[in-house]
Amino acid sequence: MTARRILLIGGTGVFGSRLARHLATFGRLDLIVTSRDEAKAKALAHSLRHAAGTRVSGIGLDHRHDLAARLAELGPWLVIDASGPFQGAGYDVSRAALEAGAHIVDLADARDYILGYGAALDDLARSRGLVALAGASSTPALSAAAIAELTQGWKRIDSIDIAIAPGGRSEVGEAVIAAILTYAGRPVPVWREGTLQETTGWLDSRVLTMPRLRVQRVAAVETVDAQALGPALRVASRVAFHAGLESRIEQWGLMALAWLRRVGPIGRLDGLIPVLLAARRLSRIITSDRGGMLVTATGLDGTGGLRHARWSLLAEKGDGPQVPTLAAAAAIQAIRDGLLKPGARSAGGALPLRWIEAEMKPYALSTHIESTAHGPALLKRVLGGGAFSTLPAPLRNFHGLDGYPVWHGQASVANGASPIARLLRRIMDLPKAGNHVPITISVDRLSSEGRATEVWTRNFGGARFSSRLQLDGRNRLIERFGLVAFQLGAELHHGRLSLPIVSARLLGIPLPRILLPRSDAFEEIDAAGRFRFDVKLTLPLFGLLVHYAGWLVPKQEPKITPPDA
């Protein structure tokens, strides 16, 4: 069989060079590695050990100039674009490859680039009988493949969370830093409350446990996943993508830059790229060569039961930077075997997980899938199954495991006037006073190490505050607001559920009863048969803290046409 010629643009970069080493082992390939520095391309090609029947060479090529002429001269069967960064890039390379009669695969992770890829190139690719794939990398190809594997046969997906945490000693090139700086401190898309919304890049952060790796802080990054997976999979509540750096100095440093950019003192950050690369060389000394990726999903499985599933990847011995190249390698194998139909599209959803994982075998990469059923609902455990079954249907649906995770409606809010009440509301992000305030409540049901947790996020007209509900060792309901934890009672009388405060702790220290806030909180159905809530919190000595009341109904499933990806 004649060797297939592959032209690898950007072949001497951090990811391009690793992909070149991987492809050189395929056999029956004529691999041409390119760089703007011809000497670097030739040196890399000379260093590669390759399989029998494979030829590797290096040439100088600047894809920004005279690319069509060079492609006509070289006549590749397939072109790989690993040049980056793809933020703000056009489709000149892909169009030139297709017009030259070559398949094209790239490692793009830029949201706008991937979203517009199919519309710009699909007609051309189909007319030539060629495959064009954008985003054959960790996102969206690998992330979407993991989600498809985890949720196969599910009736509903409630939430998707994706996180990447590279080892601190991993190679990071100028293109990666440049890509991060384009969105740090800027709005990035997030699928939240069942709709496409925005958060702030590299500022919206949380602490996450990476399986078999470490506990670390991760922050929101810009990817196509929220904008593509949310509507395409009809995700009821949330799709989020976070990334974290092992070095705390690096993590908090980037978050500080993002904050400064958001509030306005600084604009463009490109000039900091050399400084950040130099700082990383210093931070590598105290970090490790172990990194990972985590994809989690919660929803209703084929039997209608609430289920948590997660796919995790552990990269050791410095092999983490190989991961972004493996989807491209899998795509090349699939194109060579005739397994992908002609056309231009996102690689997200185009490659099964098993194809990508097959490319991991030569490396210190291991993956693991866990899937567990959620235990009984918290309120059902507190009230007992018999009492829970007597709740009015809207209340039972809201608190039950199979209830829709996002509810919306309308509320009125009243606030106390004392200085202490104003200070506490500010600390807790409680809502401002108003009538006919739109409200959305998202209930995120989690399970960590066998302990069921519910995170309630209340959105009053854009002002959000959250609490975390769990059961203690005596099956009592505990609700946490930051540093304060309240033990709640649960009393059911003639269809009305009351949730009074029984006790409270601040930083784990019990509050004396004289300092205990009073809660007049109940749930019932209103005259229209809707879920009705009424919560009044009163402070000892200082009077009213906040009083909000209103109604809720389940939010409709998203009826959105998936974007052309």
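**Close-up views of a predicted model**

**View 1. Arg496 sits over an aromatic face****.** In this predicted model, Arg496 lies over the face of Phe522, 3.7 Å from the centre of the ring. A second arginine to look for is Arg530, which lies over the face of Trp551 at 4.0 Å from the ring centre.

**View 2. Strands E27 and E28 form a hairpin****.** Here E27 (residues 518-525) and E28 (residues 531-539) run antiparallel and pair over 8 bridges. To find your bearings, start from Glu523, which stands opposite Phe533 in E28. Then follow the chain into the turn: 5 residues lie between the two strands, and Gly529 takes a positive phi near 80°.

**View 3. Strand E28 also pairs with E29****.** Moving on from the previous view, E28 and E29 are joined in the antiparallel sense over 9 bridges. Lys536 is a handy landmark, standing opposite His547 in E29. These strands make a hairpin too, with 3 residues between them, and in its turn Leu541 has a positive phi of about 75°.

**View 4. Tyr113 and Tyr117 belong to an aromatic cluster****.** The model holds 13 aromatic pairs. In one of them, Tyr113 and Tyr117 are tilted, with 5.8 Å from centre to centre and 45° between the planes. Both of these tyrosines are buried. Widen the view a little and you can trace the cluster, in which ring pairs link Phe86, Tyr91, Tyr113 and Tyr117.

**View 5. Phe465 and Tyr548 meet edge-to-face****.** The ring centres of Phe465 and Tyr548 are 6.4 Å apart and the planes stand at 70°, so the pair counts as edge-to-face, the cut-off being over 60 degrees. This pair links distant parts of the chain, 83 residues apart: Phe465 is in strand E20 (residues 463-471) and Tyr548 in strand E29 (residues 543-554). Are the two rings' residues buried or exposed? Phe465 is buried, at 4% relative accessibility, and Tyr548 is buried as well, with a relative accessible area of 9%.

**View 6. His242 is a buried strand residue****.** Look for His242 in strand E12, which covers residues 238-243. Its relative accessible area is 6%, so His242 counts as buried. Which residues does His242 contact, leaving aside neighbours within four places in sequence? They are Ile162, Ala163 and Ile164, then Asp204 and Arg206, and finally Val218, Ala219, Ala220 and Val221.

Terms used
Residues numbered from 1 in each chain as written. Predicted model: local features only at pLDDT ≥ 70, side-chain atom pairs only at ≥ 80, totals over all residues. Heavy atoms only, no water. Helix = DSSP H or I, 4+ residues; strand = E, 2+ residues; numbered from the N terminus. Buried < 20%, exposed > 50% of the residue type's maximum accessible area, 1.4 Å probe, protein only. Contact = heavy atoms within 4.5 Å. Phe/Tyr/Trp six-rings, centres within 6.5 Å; stacked < 30°, edge-to-face > 60°. Lys NZ or Arg CZ within 6 Å of the ring centre and 35° of its normal. Pairing = 2+ DSSP bridges.
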